[in-house]
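Here is a friendly walk through one protein model, written for someone who likes to know the cut-offs behind each statement. Have a look at the fold, and then we can go through it piece by piece.

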Amino acid sequence: MDTTSLFRLDGRVALVTGGSRGIGKMIARGFIESGAKVYISARKADACFATAEELGPNCIALPQDVSTVEGCKALAEQLAEHESALDILVNNAGAAWGVPFEEFPESGWDKVMDLNVKSPFFLTQALHGALKAGAARSRPAKVINITSIDGMRLNAWETYSYQASKAALIQLTKRMAARLVQDGINVTSIAPGAFASDMNKAARDHGEHVAKGIPAGRIGEAEDMAGVAIYLASRAGDYVIGETIAVDGGLVHASLGTSIGH
């Protein structure tokens, strides 16, 4: 057994959506430092190129809005101009919407469900050929969906479509895994808890307060997210299929009370 390369990603090609900031950027940086070439995609081109420049020559920006099927297909076509095969896809792009029940709008439902549930499915479908080209029995390709602990337990916020979308993506991960394993593609998901980001402003702006409700006593750090993503993407995680891993400091599985997470 060679454990020195167990968590390495040398020679692998990855695509991370929503990779210009937050959790996507944490994962992209971790992959690069583990030896991968990483393409990042984001709706805002300036932010996408700025992050790629920050992360170095092994990070390439492919700006694209993946909230529509057309956008998913366009991103797959962009990647095909650079690579004939894809080893790792991280479906991280997402949105949230919080409004009281009586006022919750259809637009807040459709935007979140489209980006959080529909896009991971159709982007994976658009990249199916590239993922199959990158897959081998001895080294499966990987699809990692970024879900949330809000799909595993209730959050006090009135983010109805967000919580429904993340629960749906956890179940979709299992269904996709059952089909794509036949093609040498392993599908898993990571369910983050409280990580500082533009989406989780509570953790970003009031981390010490949020930490009081977390069994581990702190919010998540970049290394926590990168570590789990590297595990799933590398040889170390090759026998993990269809699973959702909560990365939350114990909120879901080791908490005696309630708190607000990702």
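Strand 1 (residues 13-17) and strand 2 pair in the parallel sense, with five bridges between them. Strands and helices here are DSSP runs numbered from the N terminus, with at least two residues (E) for a strand and at least four (H or I) for a helix. Two strands count as paired if DSSP finds at least two bridges between them.

Before going further, a word on the ground rules. This is a predicted model, in which local features need pLDDT of at least 70 and side-chain atom pairs count only at pLDDT 80 or more, while totals for chains, interfaces and linings use all residues. Residues are numbered from 1 along each chain as its sequence is written, and side-chain values use heavy atoms, with hydrogens and water left out.

## The sheet

Back to the pairing of strands 1 and 2: Leu15 has Tyr39 in strand 2 as its bridge partner. On to the next pair, strand 2 (residues 37-41) is joined to strand 3 in the parallel sense by three bridges. Within that pairing, Val38 stands opposite Cys59 in strand 3, and Ile40 stands opposite Ala61 in strand 3.

How are the seven strands of the open sheet ordered? The order is 3-2-1-4-5-6-7, and the pairing is parallel. Strand 3 (59-61) and strand 7 (244-247) are the edge strands, each pairing on one side only. On average, neighbouring strands of this sheet are turned by 20° against each other, direction ignored. For angles, axes are lines fitted to C-alpha atoms (for helices over the stretch in contact), and values run from 0 to 180 degrees between N-to-C directions.

Why is strand 2 largely enclosed by the rest of the structure? Four of its five residues are buried, so the strand is largely enclosed. Buried stands for under 20% relative accessible area, exposed for over 50%, and partly exposed for in between, using a 1.4 Å probe and protein chains only.

## Helices around the strands

Two β-α-β units share strand 2. Strand 1, helix 1 (residues 22-33) and strand 2 form a right-handed one, and strand 2, helix 2 and strand 3 form a right-handed one as well. A crossover is right-handed if, with the strands pointing away from the viewer, the path from the first strand over the helix to the second runs clockwise.

Helix 2 (residues 45-55) lies across strand 2 and strand 3, and runs at about 170° to strand 3. Helix 6 (residues 160-180) also packs on the sheet, where it touches strand 5 (141-146), strand 6 (185-192) and strand 7. The direction of helix 6 makes about 165° with that of strand 6. Contact in this report means heavy atoms within 4.5 Å.

## Two serines

Ser161 lies in helix 6 and is buried, with a relative accessible area of 0%. Its side chain reaches the backbone oxygen of Gly108 at 2.9 Å. Not counting residues up to four places away in sequence, Ser161 touches Trp97, Phe104, Gly108, Trp109, Val112 and Met113.

Ser20 sits in the loop between strand 1 and helix 1, and at 12% relative accessibility Ser20 counts as buried. The C-alpha atoms of Ser20 and Ile40 are separated by 6.7 Å, although the two are 20 residues apart along the chain. With residues up to four places away in sequence left out, Ser20 touches Lys25, Ile40, Ala42, Ala47, Cys48 and Thr51.

## Salt bridges

Side chains of opposite charge can pair when their charged atoms come close. A salt bridge is a side-chain nitrogen of Lys or Arg within 4 Å of a carboxyl oxygen of Asp or Glu, and by this rule the count comes to ten. Among them are these:

| Salt bridge | Closest N and O atoms |
|---|---|
| Lys37 and Glu83 | 2.8 Å |
| Arg153 and Asp150 | 2.8 Å |
| Arg235 and Asp238 | 3.9 Å |

Where do the partners Lys37 and Glu83 lie? Lys37 is in strand 2 and Glu83 is in the loop between helix 3 (69-80) and strand 4 (88-91), so this pair, 46 residues apart, links distant parts of the chain. Lys37 is partly exposed, with a relative accessible area of 32%, whereas Glu83 counts as buried at 15%.

Both Arg153 and Asp150 are buried. Arg235 is partly exposed at 45% relative accessible area, while Asp238 is buried at 12%. Salt bridges that share partners also join Lys25, Arg29 and Glu54 into one network.

Definitions and conventions:
A polar contact is a pair of N or O atoms within 3.5 Å; within protein, one must be able to donate a hydrogen and the other to accept it, and residues adjacent in sequence count only if both atoms are side-chain atoms.
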